[in-house]
Amino acid sequence: MDLTQLRQLQPYLWSFPLRPGEKRAEVLLYGTAPLLASMDDKVLEQIGNVASLPGLAGAAMTMPDAHWGYGFPIGGVAAFDAEQGGVISAGGVGFDISCGIRCLRSNLDLHDATPGLTALADILFRAIPAGVGEEGDIKLNPAQLDQVLQDGAHWAVRQGYGNTADLEYIEERGRVAGAIPDNVSELAKKRQRGEMGTLGSGNHYLEVQVVERIHDEDAASAFGLHEGQIIISIHCGSRGLGHQIGTDYLIMLAKAASRLGLPNRELACAPIKSPEGRQYIGAMNAAINCALANRQILTHLTRIACAKAYPHAELETLFDVSHNTCKVETHEINGKDRLLHVHRKGATRAFGPGHAMLPERYRAVGQPVVIGGSMGTGSYILAGASGNQAFASSSHGAGRAMSRNKASARWQGRELISKLAQQGILIRSRSMRGVAEEAPSAYKDVDLVAEATEQAGLARRVAFLRPKVCIKG
DNA sequence: ATGTTC
């Protein structure tokens with residue numbers, strides 16, 4: 001991205017000034033000069049397009065890990081006011097609806113766990129269905145799937161996957177309101193009937209990590225984290241169902257958008273108050289519940305696998321964040337509280353200290369936020385910051401720096417795996433091409449993303465996690 | 001991300 005097009009407002013905040021004759025809302029970009037310089041110009045074009053959509057509240061924004069996506073950039077945040085003609089966009093949520101990360105803290109430490117890590121890697125690889133189209137042992141009939149879409153992780157706990165203590169630490173406490181299973185196509189449901197409790201592919205993973213560094217002792221203590229502790233993180237979403245909803249509604253919303261005079265098919269959207277808009281929102285909420293249930297089942301499978309390698313192991317849910325959603329929230333703009341539909345695409349909600357929606361245990365320090373790193377580099381746990389000006393949003397990952405095609409042309413999966421093994425990181429995957437696409441060097445530097453996220457006032461770093469075992473799709 | 005062509 002050419003930085004001469006931008007105006008630097010603060011050390012970690014930039015604006016994209018209007019060109020003569022251009023009509024759109026403000027665009028704000030969070031990040032350092034090097035991070036922004038490494039982004040594709042497409043990011044700027046895309047967030048500029050978002051700023052021209054009807055009913056936008058405040059500015060359209062990008063997070064420090066932004067890269068270009070379908071319609072909206074990944075790492076994009078945009079809030080719309082239904083009362084002012086605001087819109088809902090499928091491309092503003094993302095195709096993998098409610099993709100997110102479940103973090104589990106363990107009672108194991110690296111020193112004791114090390115001798116069993118190879119066995120754990122093999123057990124997890126057998127226990128966790130992963131890869132494109134991969135199905136699990138759970139097969140649901142249509143009525144059962146509708147219950148999943150209605151009740152999310154609560155459904156999973158009722159079936160014996162995990163426990164009620166998990167629910168307290170899931171965003172929305174395990175279930176969003178407003179899901180309408182009838183708005184989800186039969187094809188989308190059919191694709192999901194065998195895919196509950198599966199990881200998927202691409203950047204999805206299950207990682208066994210060690211807490212290598214604590215940045216904030218108070219928050220770490222509230223989150224139950226200490227140096228040397230083993231953590232397990234599960235990154236996945238709503239699988240075939242979410243993807244099919246994205247496909248179905250892209251077509252419907254594109255028609256609605258053409259009536260609004262928006263020519264760009266990728267910006268497919270409809271007013272929140274329109275029939276099409278309401279219909280998509282009902283389907284999207286159903287997909288959010290599907291993803292929450294999916295991560296709950298995977299948590300259960302992970303506990304069983306972990307107990308085989310370490311009979312005394314206990315895994316508690318630290319938190320479960322979603323980073324592809326649109327959620328209705330109240331935010332203050334110019335001193336006035338407004339009810340907004342906040343699109344976060346590749347962006348994590350990051351409520352600050354004192355927010356009423358947070359579980360009591362974390363309320364004083366802020367919401368746990370996860371910046372998932374690339375395979376082999378590491379991840380950060382952060383806490384939502386007071387005074388976040390980005391509709392309580394934060395970065396979600398390292399963010400790609402290179403396309404999948406380029407990465408798979410440059411690296412060999414097998415070589416990467418042996419190189420990472422030398423660094424003490426065990427990779428298990430059925431797809432060598434997938435591993436090559438996920439090469440650590442195809443991503444931005446997660447340390448720089450986390451540092452910029454903190455310096456920009458979006459979230460505070462709490463702990464750095466180093467991967468030890470990584471199960472890839 | 002994805003029954004890898006939205």
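## Exercises on a predicted model

Histidine 235 sits in strand β9, which spans residues 229-236. The structure is a predicted model, and the exercises below are to be worked on it.

**Exercise 1.** Determine whether histidine 235 is buried or exposed, and list its contacts beyond four places in sequence.

*Solution.* Start with accessibility. Histidine 235 has a relative accessibility of 5%. Buried means under 20%, so histidine 235 counts as buried. Next, take the contacts, leaving aside neighbours within four places in sequence. Histidine 235 then meets Cys99, Gly100, Ile101, Leu199, Asn203, His204, Tyr205 and His323.

**Exercise 2.** State which residues the UniProt annotation "binding site" covers, and place them relative to each other and to the largest pocket.

*Solution.* According to the unreviewed UniProt entry, the annotation covers His235 and His323. These residues are spread over 89 residues of sequence but cluster in space, with a largest C-alpha distance of 10.3 Å. Both His235 and His323 belong to the lining of the largest pocket.

**Exercise 3.** Describe the largest pocket by volume, lining and residue class.

*Solution.* The volume is about 1,400 Å³. Then look at the lining: 49 residues contribute, and His67, Ile74, Asp96, Asn203 and Arg404 lie nearest the centre of the pocket. Asn203 is also one of the contacts of histidine 235. By element, helix α10 (residues 239-260) supplies the largest share of the lining, three residues. By class, the lining holds 23 polar, 14 nonpolar and 12 charged residues.

**Exercise 4.** Do the same for the second largest pocket, and find which element gives the largest share of its lining.

*Solution.* This pocket has a volume of about 640 Å³. Its lining is made up of 29 residues, with Glu332, Asn388, Gln389, Ala390 and Phe391 closest to the centre. Two or more lining residues come from each of β3 (27-30), β4 (56-67) and β12 (324-333). The largest share, four residues, is that of β12. Sorted by class, the lining of the second largest pocket has 14 nonpolar, 12 polar and three charged residues.

**Exercise 5.** Identify the best-connected members of the largest nonpolar core and follow the contacts of leucine 241.

*Solution.* The largest nonpolar core has 69 residues, and Leu29, Leu241, Ile245 and Tyr280 touch the most other members. Helix α11 (residues 275-309) gives the most to this core, 11 residues. Now take leucine 241. Outside the four nearest places in sequence, leucine 241 is in contact with Leu145, Leu149, Val184, Ala188, Lys189, Gln192, Ala287 and Cys290. Apart from the largest core lies another, of 32 residues, including Val211, Ala222, Ile417 and Val462.

**Exercise 6.** Locate isoleucine 288, decide whether it is buried or exposed, and list what isoleucine 288 touches.

*Solution.* Isoleucine 288 lies in helix α11. Its relative accessible area is 1%, so isoleucine 288 is buried. Not counting residues up to four places away in sequence, isoleucine 288 touches Ile97, Ser98, Val176 and Thr325. As a check on distance, isoleucine 288 and tryptophan 155 are 133 residues apart in sequence and 13 Å apart in space, C-alpha to C-alpha.

**Exercise 7.** Find the buried residues of helix α4 and the elements they pack against.

*Solution.* Helix α4 covers residues 117-127, and its buried residues are Leu117, Leu120, Ala121, Ile123, Leu124 and Phe125. They pack against α3 (110-113), β8 (205-214), α11, β18 (426-429) and β19 (459-472).

Key. Residues numbered from 1 in each chain as written. Chains lettered and ligands numbered in written order. Predicted model: local features only at pLDDT ≥ 70, side-chain atom pairs only at ≥ 80, totals over all residues. Heavy atoms only, no water. Core = buried A, V, L, I, M, F, W, Y, C linked by side-chain atoms within 4.5 Å. Buried < 20%, exposed > 50% of the residue type's maximum accessible area, 1.4 Å probe, protein only. Contact = heavy atoms within 4.5 Å. 1 Å grid on protein atoms, 1.4 Å probe; cavity = no way out; pocket = protein on both sides within 12 Å on 5 of 7 lines; lining within 4 Å. Points joined across faces, edges and corners; volume = space filled by probe spheres on them. Nonpolar A, V, L, I, M, F, W, Y, C, P; charged D, E, K, R; others polar. UniProt positions renumbered as here; feature names shortened; annotations may be inferred.
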